[in-house]
Amino acid sequence: MTSKPLALVTGASRGIGRAIALELAQLDFDIMINYWDFNAAGEPDDSTAQQAQEMIQATPAKCQILRGDISNAQHRQKLVDFTREHFGRCDMLVNNAGVAPSKRTDLLEATEQSYDRVMNINLKGPYFLTQLVANWMIEQKKVNPERSFRICSTSSISAYTSSPARGEYCLSKAGLSMMTKLYADRLAEYEIGVFEIRPGIIMTDMTSTVKDKYDKLISQGLTPIKRWGQPEDVARAVGAVAQGRMDFSTGQVINVDGGFHLQRL
Ligand code: NAP
């Protein structure tokens, strides 16, 4: 068993997840990276995750990577078993993996196929991965009551903002928000803090296809803080939780959105 705390971060090959993994490595966590990457020819591609691993291994942290589809029950179990085998512990879970709909489609024409894909990855996956990891955390807490355990999930401003061309994404993030409350309530007796990290518009591959649209909206004042969010902005919020700076809070929403959530007149 590793002596350092271990953070398991889903969807950590790139984007926000990679930045979170790096932040936690710098805060002295060892890191378990999950990802599910395929190249343009549809073949498994581990190169992006390996790149993230190399970046983390340049810090004092140990880092393992494991390919796995977060929406698949067997893959989730394998991820937890692999983490146990290699690190023997899990102190922090970050449910970050998520997808946008492959194609934006109006609510009146949206398909069940896209609904199932997005809900399974963005909500069912984290819901049941959290169940697996929470049970393991409870087990660890009983043996080592002095240790601290925390869970963060990356939701979105879409948890409360209507985008009728991607209803399934909004629903999945609204669900993740309730998931945080449920687990925060259930796990409080074990002193396991559970947080929703709610990013606004963050510059990653996910938003690259709508960059021009958001460049314009941001310059017109969509967000009080007139700039794109960066993955590191989100990572620092997770870092604050990981360091125990919020240990008398749980079920909390942490907005990382340049003030988007403020209602203004
Ligand atoms: P991204 O750059 O597209 O990265 C998504 C990550 O999720 C990748 O590491 C990807 O792994 C992983 N992933 C996708 N499907 C997966 C699956 N089935 N199983 C396991 N991993 C999977 O997106 P991002 O912008 O960093 O988004 C990260 C999270 O933040 C998502 O939950 C997203 O909804 C949320 N968010 C993003 C924004 C934004 O503006 N970017 C705003 C609010 C919330 P592979 O590359 O290996 O497939």
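**Exercise 1. Work out the volume of the largest cavity and describe what lines it.**

Step 1: Start with the volume. In this predicted model, the largest cavity comes out at about 30 Å³. A search of the whole structure turns up one cavity of 30 Å³ or more.

Step 2: List the wall. The lining is made of Thr10, Ile70, Asn95, Asn96, Ala97, Ile121, Gly125, Pro126 and Leu129.

Step 3: Ask which element gives the largest share of that lining. Helix α4 (residues 112-143) does, with four residues.

Step 4: Sort the lining by class. You get five nonpolar, four polar and no charged residues.

**Exercise 2. Find where the ligand sits and say which residues come nearest.**

Step 1: Place the ligand. The ligand sits in the largest pocket.

Step 2: Look at the neighbours. There are 31 residues around the ligand, and Arg14, Asp69, Asn96, Tyr169 and Thr204 come nearest. Asn96 also belongs to the lining of the largest cavity.

Step 3: Sort the shell. It splits into 13 nonpolar, 13 polar and five charged residues.

Step 4: Trace the shell back to elements. At least two residues each come from α1 (15-26), β2 (30-35), α5 (167-187) and α6 (205-208). The largest share, three residues, is from α6.

**Exercise 3. Pick out backbone contacts to oxygen atoms of the ligand, then say how much of the ligand is buried.**

Step 1: Check the distances. A polar backbone atom of asparagine 96 is 2.8 Å from a ligand oxygen, one of isoleucine 202 is at 2.9 Å, and a backbone N or O of glycine 11 is at 3.1 Å.

Step 2: Turn to area. On its own the ligand exposes 890 Å², and the protein buries 95% of that.

Technical notes: Residues are numbered from 1 along each chain as its sequence is written. This is a predicted model: local features need pLDDT of at least 70, side-chain atom pairs count only at pLDDT 80 or more; totals for chains, interfaces and linings use all residues. Side-chain values use heavy atoms; hydrogens and water are left out. On a 1 Å grid over the protein atoms alone, a cavity is a set of points where a 1.4 Å probe fits but cannot get out, and a pocket is an open set with protein on both sides within 12 Å along at least five of seven lines; lining residues have an atom within 4 Å of a point. Grid points are joined across faces, edges and corners, and a volume is the space filled by probe spheres set on the points. Ala, Val, Leu, Ile, Met, Phe, Trp, Tyr, Cys and Pro count as nonpolar, Asp, Glu, Lys and Arg as charged, and the others, Gly among them, as polar. A residue is near a molecule or strand if one of its heavy atoms lies within 4 Å of it. A polar contact is a pair of N or O atoms within 3.5 Å; within protein, one must be able to donate a hydrogen and the other to accept it, and residues adjacent in sequence count only if both atoms are side-chain atoms. Accessible areas come from the Shrake-Rupley method with a 1.4 Å probe; for residues, only the protein chains shown count as cover. A molecule sits in a cavity or pocket if more than half of its atoms lie within 2 Å of its grid points.
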